[in-house]
Amino acid sequence: MPDSYSTLDVPIHLDAVVRMTSIAFGSPAEPCRDWLVNKFGTPHLRVVADGSEVFAAGGVLPMGQFFGGRSVPMTGVAGVSVAPEHRGRGHSVALMSGILRELHAQGTPLSSLYPAASRLYRRVGYEQAGQHCEHRFPVAYLPARRLPTPVRRFTEADVAGVKACQHRGVARADGALDRSDYMWQRVFHPRTGKHEGFVVDDPSLEGGIGGYVFIRQEQLPSGRHDLHLSDLVACTPVAAEALLHFLGQFGSMANDLIVRAGAIHPLFTLLDEPRHLSIRFHDYWMLRIVHLEHAMTQRGYPQGQQVQLHLEVEDPLLPANAGRWVLDVRDGRATIVRGGQGLLRTTISGLAQLYSGQFSPRSLAIVGRLAGDEASLDAASRLFAGHGGQGFCDFF
Ligand SMILES: CC(C)(COP(=O)(O)OP(=O)(O)OC[C@H]1O[C@@H](n2cnc3c(N)ncnc32)[C@H](O)[C@@H]1OP(=O)(O)O)[C@@H](O)C(=O)NCCC(=O)NCCS
């Protein structure tokens, strides 16, 4: 095949990529062009092309993802598309392989994405790592007392404080995003419309904010409305209670509160009657270990554990990750060297599932994603204990 993987060359490729993206996602060309050029940014686009003929395109979004309390550099992949007349010939695999080789060469530890075609991403080493659910709760059933803690309107001066609060609130939930500016825009100004922000001050915290919520009211035919939240974070008990009661005060006119989260949202443990909560599974997100050494050493691990794991990993696409490794964890940090006995055997996609903490090593062994002796499975359980589906990778 004469086609090759490269960054996007605007004069040569942009028109073809706009057409391809517009057809792939069934949206008009001009909003697609605006998204690609002004929001995503053309330096973040990659193509598989032969001269001016573009077969496949997609974008990379550098950000971070929290694992073990540390932010690990992660590049999201989005907007993958193949021209309809060129589908079914391996162009999307070529694009994804090119992106992963490029990221590995840069030393990027991780990549995540939301798949519309899981089979494609499994082919290049991604695997399911967490859930994206829609949580819906009748506002009238929220507590709504007037509390002494004020909830005030968000202003642009609060941006740094809100970001500090989000870090504090989610850093221990494996898989939560350490958002880039692009991702933060999706909280402040999502495509669905402007959201109004409200914050709870807490001068004792760095950044001064103990919790916040961003709300969009969507009118219903009945004249009432739903409350759609683009983010809801509390990092102290006082802020958690204040925000729930604040939202409850919308109950005279609002029907449902709707928020995207992982399998659980920690604030909903404060509901008086959680049985009114309905949770709709939306999607899985997938994770790829791109640079094994960096992925293992840049994340955090539980404190108080001193554990050695002898891994043997298969990775046909990125052979530098493959083979035997000894992972040595102490005081919450890891070192990794080549060698060892290969007692815990997995593929690079099985390792992604272990790393995410969403599935226990024993569940992974049952479905054949991991194989090892009892001592190695126990050791892995101590290092990669998940948080019950609490970590939420925002949709991108
Ligand atoms: C999905 C899409 C990118 C696939 O591109 P493609 O070049 O035709 O795919 P490839 O020929 O490289 O096939 C790669 C693998 O994905 C699978 N695949 C392809 N299209 C698929 C689809 N629509 N649904 C599920 N799997 C699909 C193929 O079966 C193949 O796996 P296999 O070799 O194990 O059978 C393309 O159909 C497209 O642009 N669709 C619309 C946009 C979209 O869905 N993008 C993905 C956003 S996450």
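In this predicted model, the buried residues of helix α11 lie under a cover that includes the strands β14 (306-314), β15 (323-330), β17 (344-347) and β18 (370-372), together with the helices α9 (348-356) and α10 (361-366). The helix itself spans residues 374-383, and its buried residues are Ser376, Leu377, Ala379, Ala380 and Leu383. These five are on the same side of α11, because the arc they cover around the axis is only 160 degrees. The face turned away from that buried side carries Glu374 and Ala375, both of them exposed. Read together, these points give α11 a buried side, covered by elements among which are β14 and α9, and an opposite face with exposed residues.

A second place to look is strand β4, where threonine 75 is found. The relative accessible area of threonine 75 is 6%, and this residue therefore counts as buried, the cut-off for that class being under 20%. Once its neighbours within four places in sequence are set aside, threonine 75 is in contact with Val60, Leu61 and Pro62, and also with Leu103, Thr108, Leu110, Ser111 and Ser112.

Strand β4 (70-82) also takes part in enclosing an internal space, for it is one of the elements that supply at least two residues each to the lining of the largest cavity, alongside α1 (10-25), α2 (29-40) and β3 (53-67). The count of cavities of 30 Å³ or more comes to one, and the largest cavity holds about 50 Å³ of space. Its lining is made up of Val17, Thr21, Trp35, Leu36, Leu45, Ala57, Gly58, Gly59, Ala78 and Gly79. Strand β3 gives the largest share of this lining, with three residues. Sorted by class, the lining of the largest cavity has six nonpolar and four polar residues, and no charged ones.

The second largest pocket offers another lining to examine, around a space of about 150 Å³. Arg153, Phe154, Thr155 and Glu156 belong to this lining, as do Phe188 and His189, the run Lys194, His195, Glu196 and Gly197, and finally Phe214. By class, the lining of the second largest pocket contains three nonpolar, four polar and four charged residues. Set side by side, then, the lining of the largest cavity has no charged residues, whereas that of the second largest pocket has four.

Conventions:
Residues are numbered from 1 along each chain as its sequence is written. This is a predicted model: local features need pLDDT of at least 70, side-chain atom pairs count only at pLDDT 80 or more; totals for chains, interfaces and linings use all residues. Side-chain values use heavy atoms; hydrogens and water are left out. On a 1 Å grid over the protein atoms alone, a cavity is a set of points where a 1.4 Å probe fits but cannot get out, and a pocket is an open set with protein on both sides within 12 Å along at least five of seven lines; lining residues have an atom within 4 Å of a point. Grid points are joined across faces, edges and corners, and a volume is the space filled by probe spheres set on the points. Helices (H or I, at least four residues) and strands (E, at least two) are DSSP runs, numbered from the N terminus. Ala, Val, Leu, Ile, Met, Phe, Trp, Tyr, Cys and Pro count as nonpolar, Asp, Glu, Lys and Arg as charged, and the others, Gly among them, as polar. Buried means under 20% relative accessible area, exposed over 50%, partly exposed in between (1.4 Å probe, protein chains only). Contact means heavy atoms within 4.5 Å. The arc is that of the directions from the helix axis to the C-beta atoms.
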